[in-house]
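User: I'm new to this model and would like a close look at one part of it. Here is the whole thing.

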Amino acid sequence: MGHLLSRLLRESTDEGGSRVRKRRGKGLREVIDLSASRVQADKASASRRDIGDVSNITLEKVPDDSLEEDLSELFAPLTNEEESEVNNLLNGSAHSKKIIVLHKSSNIEITKEKLWCLRPRGWLNDEVINLYLELLKERAEREPQRFLKCHFFNTFFYKKLACGKTDYDYQSVRRWTTPNKLGYRLADCEKIFIPVHRDVHWCLAIIDMKEETFHYLDSLGGKDSGVLRILARYIMDELKDKNNIEIDTSSWREVSVHIPLQHNGWDCGMFMLKFIDFYSRGLILSFSQEHMEYFRRRTAKEILRLRAD
């Protein structure tokens, strides 16, 4: 695959750390060691971990070299017809098991009751999240020139991967990514998105294949480098298995930028989906808590139409 770390445009700092530039956006970025020695040390604990040894972190301001983006499409109001349809389905009083949406290729069924998780204060469920990820995949296939080449794992992938006696089981997910099933290989992707469920909280992990970096996005501001070390091991096994390519992710880095944060206890799933939506477009995360009510209604509309805009 070649060594792509130079694309991060790193520069040596006076302290001997690493300077990493973002191609878009501004703010602060952390660079965290994911070396083999750190991976080995983490095997002693399967519990949630924080960043780790702060001596391995560089936190710095990043120059604002962002491009002007037209974001009007991402915040386009629903039409009167769409508002009426969403209201009718989200504001009903009786529970309903009636299937209102069936996504045939994934066989995901959405009932009115399932869709109610998109009401204000609702916690997003697996079915709604996974169907939306399918719609993002289809969107990129429709317009490959507009969207990055990405892979969207569903909500069950990380649970299967991080299980077993050693909290890592590649064989349990090995067949999830066969070329015949996907039509492509993960090595061909720019970004790989992995939903991570922590008790009652949704987070997002990203493997950036182009930049050789790992990201962990938690809308409550938390960190869990242990998740990324599992994914570092996974991508090594995956490329060896599917491409017969041996890589050493000890030279890859965990990169963390300041992200929009939730201000309540129920919007984590919606934040996670919009992290994926914006990053799959190659955009910075230019939204905030105040947009979540709109995003809930927009997501409901897109699910009802079986089409992500």
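Which residue just after α9 takes a positive phi, and of about how many degrees? Please walk me through that helix while you're there.

Analyst: A bit of background before we dive in. This is a predicted model, so local features need pLDDT of at least 70 and side-chain atom pairs count only at pLDDT 80 or more, while totals for chains, interfaces and linings use all residues. Residues are numbered from 1 along each chain as its sequence is written, and side-chain values use heavy atoms, leaving out hydrogens and water.

The residue you're after is Leu306, with a positive phi of about 55 degrees just after α9. Helices here are DSSP runs of H or I with at least four residues, strands are runs of E with at least two, and both are numbered from the N terminus.

Now for the helix. α9 runs over residues 292-305, and its end C-alpha atoms sit 20 Å apart, which agrees with the 20 Å that 14 residues should span at 1.5 Å a residue (the expected span is 1.5 Å times one less than the number of residues). Twelve of the 14 residues in α9 are buried, so the helix is mostly covered (buried means under 20% relative accessible area, exposed over 50%, partly exposed in between, with a 1.4 Å probe and protein chains only). Among the buried ones are Met292, Tyr294, Phe295 and Leu304, along with Arg296, Arg297 and Arg298.

What covers them? The buried residues of α9 pack against α2 (80-90), β5 (99-103), β6 (108-111), α3 (112-115), α4 (126-142) and α8 (268-280).

Take α4 as one of those partners. Its axis and that of α9 come within 10 Å and cross at roughly 70 degrees (axes are lines fitted to C-alpha atoms, for helices over the stretch in contact, with angles from 0 to 180 degrees between N-to-C directions). The two helices are therefore roughly perpendicular, a word used for angles of 65 to 115 degrees. On the α4 side, Val128, Leu131, Tyr132 and Leu135 meet Thr299, Glu302 and Ile303 of α9, where contact means heavy atoms within 4.5 Å. By class, that contact has five nonpolar residues, one polar and one charged (Ala, Val, Leu, Ile, Met, Phe, Trp, Tyr, Cys and Pro count as nonpolar, Asp, Glu, Lys and Arg as charged, the others, Gly among them, as polar).

Back to phi for a moment. Most residues other than glycine have a negative phi. Arg121, in the loop between α3 and α4, has a positive phi near 75 degrees, and at 61% relative accessibility it counts as exposed.

Methods: Angles under 35 degrees count as roughly parallel, over 145 as roughly antiparallel, 65 to 115 as roughly perpendicular and the rest as oblique.
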